[in-house]
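Visitor: I would like to know how the labels on this model are earned. Can you take me through the reasoning?

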Amino acid sequence: MAEDTMNGWLAVGIVGLLLVAFALSWRYWPISILAIARKRAGLRRHSIGVDGFEMVYYSGSRRDKPPMLFLHGFSADSSNWLYLVPSFSRDYRILVPDLPGFGETGYLPKSYALDVQLGRLKDFMDMLHLDRVHLAGNSMGGYLAAAFAATYPERVASLALFNAAGVDMPKRSPFYEAALAGENQLLIRKPTDFDNILKLVYHRKPYIPGFLRDYLITRGMAQADNQNLIFKEMFDQRIWLDERLLNIRAPTLILWGDDDRVLDVSSLQLFKAGIPHAHTAILAKCGHVPMLEKPAATAKVYRAFLAETLKNA
């Protein structure tokens, strides 16, 4: 009888340990899935010291190929490019950083003003001996990319702006109207904010598994205060690039989703006015993140642009 009782408690203990192990492993599933996705995209994790940050970046193995550098948007990280980079990893050396203040690079109590971030981007490129890159950016990353191409034109072989910030909007978006009123709709303060962000950013809200949704909500809520400080500094400063755009010499692609509720598609006109030689493209039924919502169409347009650029080089 005593032996049966002992075996019973042993079975309960084993089941309990298994449940704990499963719960712990469930917590790390999103991280494991992202790691697998990066591996499938041919990207490996690296880091380098930049202005006190341990700046994390992911890169491909083709060091013999021309470098192609992708810059993510506000409240995002390098994973935003995972659907797009496989289309270019054979012909280019891919580099995708988590910009200072975001992702694995993280936040430090420093300035995130435009010119400060430009200096960090230049230092990052200098340390990796990237003399000249094909530069692409989305949203805030497009803002940095355009400003960098205008400030250091000799360092940019081509420029791709995907729904980029940096100019005013002839037609103000819902996000911009809210920002003017002091509300940042890209922050996650409570779980329902996550779904509202998806509706804001995508033309058609994507399905996200529950465990990944929970992970992204938890991470977003933990980062909200710091990201709000970054946004407030950049938005209050609000340096429009109109005059700087005239300094961009690199072949340029300006691509936009026609249903962008963050940065209205009318912004494309102002970018085009400042970069008269730019190619433009508008993707139908697409929101603020074309590389996530329409990766195949985005890659097709970008590859055609690069082929034309190389042909005319």
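Guide: What follows is a set of short questions and answers on a predicted model.

Visitor: Start with N163. Why is N163 called buried?

Guide: Its relative accessible area is 0%. Buried means under 20%. N163 is therefore buried. The residue sits in strand β6, which spans residues 156–164. Its phi is positive, about 50°, although N163 is not a glycine.

Visitor: And R238? Why is R238 called partly exposed?

Guide: The relative accessible area of R238 is 31%. Partly exposed covers what lies between under 20% and over 50%. The value of 31% falls there, so R238 is partly exposed. R238 also has a positive phi, about 40°, and is not a glycine.

Visitor: Where does R238 lie?

Guide: In the loop between α6 (210–237) and α7 (242–245).

Visitor: What makes T218 exposed?

Guide: Its relative accessibility is 55%. Exposed means over 50%. T218 therefore counts as exposed. T218 belongs to helix α6.

Visitor: What makes the pair T218 and D214 a polar contact?

Guide: A polar atom of the T218 side chain lies 2.9 Å from the backbone oxygen of D214. The cut-off is within 3.5 Å, so the distance of 2.9 Å meets it.

Visitor: How far is T218 from P191?

Guide: Their C-alpha atoms are 8.3 Å apart. Along the chain, 27 residues separate T218 and P191.

Visitor: Now the strands. How do you know that β1 and β2 pair?

Guide: Seven bridges join β1 (residues 44–50) to β2 (residues 53–59). Pairing takes at least two bridges, so β1 and β2 pair. The two strands run antiparallel. R45 stands opposite Y58 in β2.

Visitor: What lies between β1 and β2?

Guide: Two residues, and the strands form a hairpin. D51, in the turn, has a positive phi of about 50°.

Visitor: How do you know that β2 pairs with β4?

Guide: Three bridges join β2 to β4 (residues 93–97). The requirement is at least two, so this pair qualifies. β2 and β4 run antiparallel as well. S59 stands opposite L95 in β4.

Visitor: Why is β2 called mostly covered?

Guide: Six of its seven residues are buried. Buried means under 20% relative accessible area. That count is why β2 is described as mostly covered.

Visitor: On to the empty space. How many cavities of 30 Å³ or more does the structure hold?

Guide: Two. The largest has a volume of about 340 Å³. The second largest holds about 60 Å³ of space.

Visitor: What makes these cavities and not pockets?

Guide: A 1.4 Å probe fits inside a cavity but cannot get out, whereas a pocket is open.

Visitor: What lines the largest cavity?

Guide: The lining has 20 residues, with Y143, A165, F231, F235 and L263 nearest the centre. α3 (140–151), α4 (174–180) and α6 each give two or more residues to that lining. The largest share, three residues, comes from α6. By type, the lining divides into 16 nonpolar, three polar and one charged.

Visitor: Which residues line the second largest cavity?

Guide: M55, L71, L99, P100, Q117, R120, L121 and L144. Helix α2 (residues 114–127) gives the largest share, three residues. Six of the lining residues are nonpolar, one is polar and one is charged.

Visitor: Why does R120 count as charged and Q117 as polar in that lining?

Guide: Arg is on the charged list. Gln is on neither the charged nor the nonpolar list, so Q117 falls among the others, which count as polar.

Visitor: Finally, what is the volume of the largest pocket?

Guide: About 1,200 Å³. The pocket is lined by 39 residues, and S79, N80, Y202, L216 and L292 lie nearest its centre. α1 (2–40), β5 (133–139), α5 (191–201) and α6 are the elements that give two or more residues to the lining.

Visitor: Which element gives the most to the lining of the largest pocket?

Guide: α6, with seven residues. The whole lining divides into 26 nonpolar, 10 polar and three charged residues.

Methods: Residues are numbered from 1 along each chain as its sequence is written. This is a predicted model: local features need pLDDT of at least 70, side-chain atom pairs count only at pLDDT 80 or more; totals for chains, interfaces and linings use all residues. Side-chain values use heavy atoms; hydrogens and water are left out. Helices (H or I, at least four residues) and strands (E, at least two) are DSSP runs, numbered from the N terminus. Buried means under 20% relative accessible area, exposed over 50%, partly exposed in between (1.4 Å probe, protein chains only). On a 1 Å grid over the protein atoms alone, a cavity is a set of points where a 1.4 Å probe fits but cannot get out, and a pocket is an open set with protein on both sides within 12 Å along at least five of seven lines; lining residues have an atom within 4 Å of a point. Grid points are joined across faces, edges and corners, and a volume is the space filled by probe spheres set on the points. A polar contact is a pair of N or O atoms within 3.5 Å; within protein, one must be able to donate a hydrogen and the other to accept it, and residues adjacent in sequence count only if both atoms are side-chain atoms.
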